[in-house]
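User: I'd like a close look at one part of this model. Take a single core and follow one of its helices outward. Keep it brisk.

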Amino acid sequence: MIRTGAMVALLLVLINTISCQTDVEIKRQRYITEGILIYKTNCANCHQTNGQGLAALYPPLAGSDYLANKNTVICLIRYGQQGPIQVNGKRYNRPMPAQPQLSDLEIAELTTYIYNEWSTETTVTDVKTVTPVLDQCREKVASQ
Ligand code: HEC
């Protein structure tokens with residue numbers, strides 16, 4: 001009897017673990033699917049659908065070393081970017097327009113897509129992570 005009880009308990013733990021993982025995966029897929037659409041509408045004009053950028057004008061996102069600092073990227077998506085920057089050793093210096101039309105959730109979905117597609121991540125950048133980062137950079141932008 002005790003053994004059966006232990007087996008059932010083990011089975012329940014297993015089932016629970018598997019369904020939890022599935023929830024996480026479903027969420028990741030949902031974020032990525034939305035992220036692709038948001039990217040195509042708001043970013044692909046300049047950075048191109050394949051993320052390769054365009055010549056010396058628009059830097060690549062695919063394999064970009066600039067992605068290493070995710071908080072900077074999250075802020076840059078909402079507030080734009082001006083002044084010279086270096087991406088994979090190449091210099092760029094053109095203004096990127098701010099994207100105030102994108103909600104916190106949309107920026108989270110976009111960030112998840114970019115990092116899953118063009119960096120090495122396989123996880124979700126949750127909106128709960130993105131909102132405090134955006135709040136912080138709003139304060140910075142406001143005090144300039
Ligand atoms: C009008 C063209 C344009 C649009 C639209 C645009 N960007 Fe950019 N983006 C740029 C330029 C130009 C730079 C380089 C800015 C500089 O030189 O200071 C840049 C830089 C970046 C960088 C940092 C450098 C790199 O390549 O890793 C990221 C990340 C980025 N953009 C993401 C996005 C995302 C996401 C969107 C869509 C919400 C977007 N951009 C929309 C032109 C654009």
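Analyst: Start with the largest nonpolar core, which has 17 residues. Among these, I74, I107, L110 and V130 touch the most other members. The elements that give two or more residues to this core are α1 (2-42), α3, α4 and α5. The most comes from α4, with 6 residues. This is a predicted model.

L110 is one of the well-connected members. Setting aside neighbours within four places in sequence, L110 is in contact with G35, I38, Y39 and I77.

Now follow α5, which runs over residues 127-142. The helix has 16 residues. From first C-alpha to last, α5 reaches 22 Å, close to the 22 Å expected at 1.5 Å a residue. Its buried residues are V130, V133 and L134. Seen down the axis of α5, these fall within an arc of 105°, so they line one face of the helix. There is a general reason for such spacing: an α-helix has 3.6 residues a turn, so residues three or four places apart point the same way. On the other side of α5, K128, P132, D135, E139 and A142 are exposed.

What does the buried side of α5 pack against? The partners are α3 (70-79) and α4 (104-118).

Take the α3 partner in detail. The axes of α3 and α5 come within 9 Å. They cross at roughly 65°, and the crossing is right-handed. On the α3 side, the residues are N71, I74, C75, R78 and Y79. They meet V130, V133, L134, C137 and V141 in α5. Two residues at this meeting, I74 and V130, are also among the core members that touch the most others.

Key:
Residues numbered from 1 in each chain as written. Predicted model: local features only at pLDDT ≥ 70, side-chain atom pairs only at ≥ 80, totals over all residues. Helix = DSSP H or I, 4+ residues; strand = E, 2+ residues; numbered from the N terminus. Expected span 1.5 Å × (residues − 1). Buried ≥ 20, exposed ≤ 12 C-beta atoms within 10 Å, placed from the backbone. Arc of directions from axis to C-beta. Contact = placed C-beta atoms within 7 Å. Core = buried A, V, L, I, M, F, W, Y, C linked by C-beta atoms within 7 Å. Axes fitted to C-alpha atoms, helices over the stretch in contact; angles between N-to-C directions. Left-handed = near helix turned anticlockwise from the far one by under 90°.
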